[in-house]
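Colleague: Could you take me through one part of this model up close? I'd like to hear about a single strand and whatever it leads to.

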Amino acid sequence: MVQSVELLFDDELDAHLRAQWQALTAAGLPGQDRNHAPSNRPHVTVGVATAIYPRIDKKLAAVTARLPIACTLVGPTVFSHRTDVLVRLVEPSADLLELHAEVAGRMRDCPGRPDNLAPGGWTPHVTLARRLHRAQTARALELLDWTPRPGTFTGLRRWDGDARREWRLG
């Protein structure tokens, strides 16, 4: 399992993204709201490792001094493998990229950090649906409104995939 560090959206953007999840599910597509766990919420992952030690958590909590940070949801993209993952991109503002680099620096001693989350290789996004087949992806792209939407990142949380629990940092 993975350990992650995630940015949380303000209430308005959170509600908008949940509405997009629900629209997908209502259309018979696998929207993220199919996961009913209380910890399931729209977020942008800024750090991942196979282990994040408590001493690192303390360092990560200091990153919350940068919050809130303005953000803008922009268009879609699709990550493909056997099936598709539909995501909504987040505009990579200077403030967001600086926060991400700071998280990466504070996590440098953590094992199992994937290259695609390293500064310069990271794509800021929020997941809308997983395990889509191509026809479903095309339908989802037509269904949702992709108008840019401004908002704010207001919180930073840790997710422990092994223990299946979350907590806020800072």
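Modeller: Sure, and keep in mind that this is a predicted model. Let's start with strand β1, residues 3-9, which is mostly covered: 7 of its 7 residues are buried. How are its two faces arranged? In a regular strand the side chains alternate between the two faces of the sheet. In β1, one side carries Q3, V5, L7 and F9, the other carries S4, E6 and L8, and all of these are buried, leaving both faces covered. So Q3, S4 and E6 count as buried here along with V5, L7, L8 and F9, since buried means under 20% relative accessible area.

Now for the strands that β1 pairs with. One is β2, residues 43-49, which runs antiparallel to β1 and is joined to it by 6 bridges. If you want a spot to zoom in on, take L7, whose bridge partner in β2 is V44. Another is β6, residues 149-160, again antiparallel to β1, this time with 7 bridges. Two places to look there are L8, which has G155 as its bridge partner in β6, and V5, which has R158.

From β1 we can carry on along β6, because two strands pair if DSSP finds at least two bridges between them, and β6 has other pairings to follow. Strand β3, residues 69-80, is joined to β6 by 5 bridges, and these two strands run antiparallel. T72 is a handy marker for that pairing: its bridge partner in β6 is P150.

Then there's β7, residues 165-168, which pairs with β6 over 4 bridges, also in the antiparallel sense. Look for W159, which stands opposite E166 in β7. β6 and β7 form a hairpin with 4 residues between the strands, and in that hairpin R164 takes a positive phi near 55°. That's a backbone detail worth clicking on while you have the hairpin in view.

To finish, here's something from the surface, to set beside the buried residues of β1. R55, K59, R108 and R113 gather there in a patch of positive charge. Of these, R108 lies in the loop between α3 (94-106) and β5 (125-132). Is R108 buried or exposed? At 57% relative accessibility it counts as exposed, because the cut-off for that is over 50%.

Key: Residues are numbered from 1 along each chain as its sequence is written. This is a predicted model: local features need pLDDT of at least 70, side-chain atom pairs count only at pLDDT 80 or more; totals for chains, interfaces and linings use all residues. Side-chain values use heavy atoms; hydrogens and water are left out. Patches are made of residues with over 30% relative accessible area and no salt bridge: like charges are joined within 9 Å, nonpolar side chains (Val, Leu, Ile, Met, Phe, Trp, Tyr) within 5 Å. Accessible areas come from the Shrake-Rupley method with a 1.4 Å probe; for residues, only the protein chains shown count as cover. A salt bridge is a side-chain nitrogen of Lys or Arg within 4 Å of a carboxyl oxygen of Asp or Glu. Lys and Arg count as positive and Asp and Glu as negative; His and the chain ends are not counted. The place of a charge is taken as NZ of Lys, CZ of Arg, CG of Asp or CD of Glu. Buried means under 20% relative accessible area, exposed over 50%, partly exposed in between (1.4 Å probe, protein chains only).
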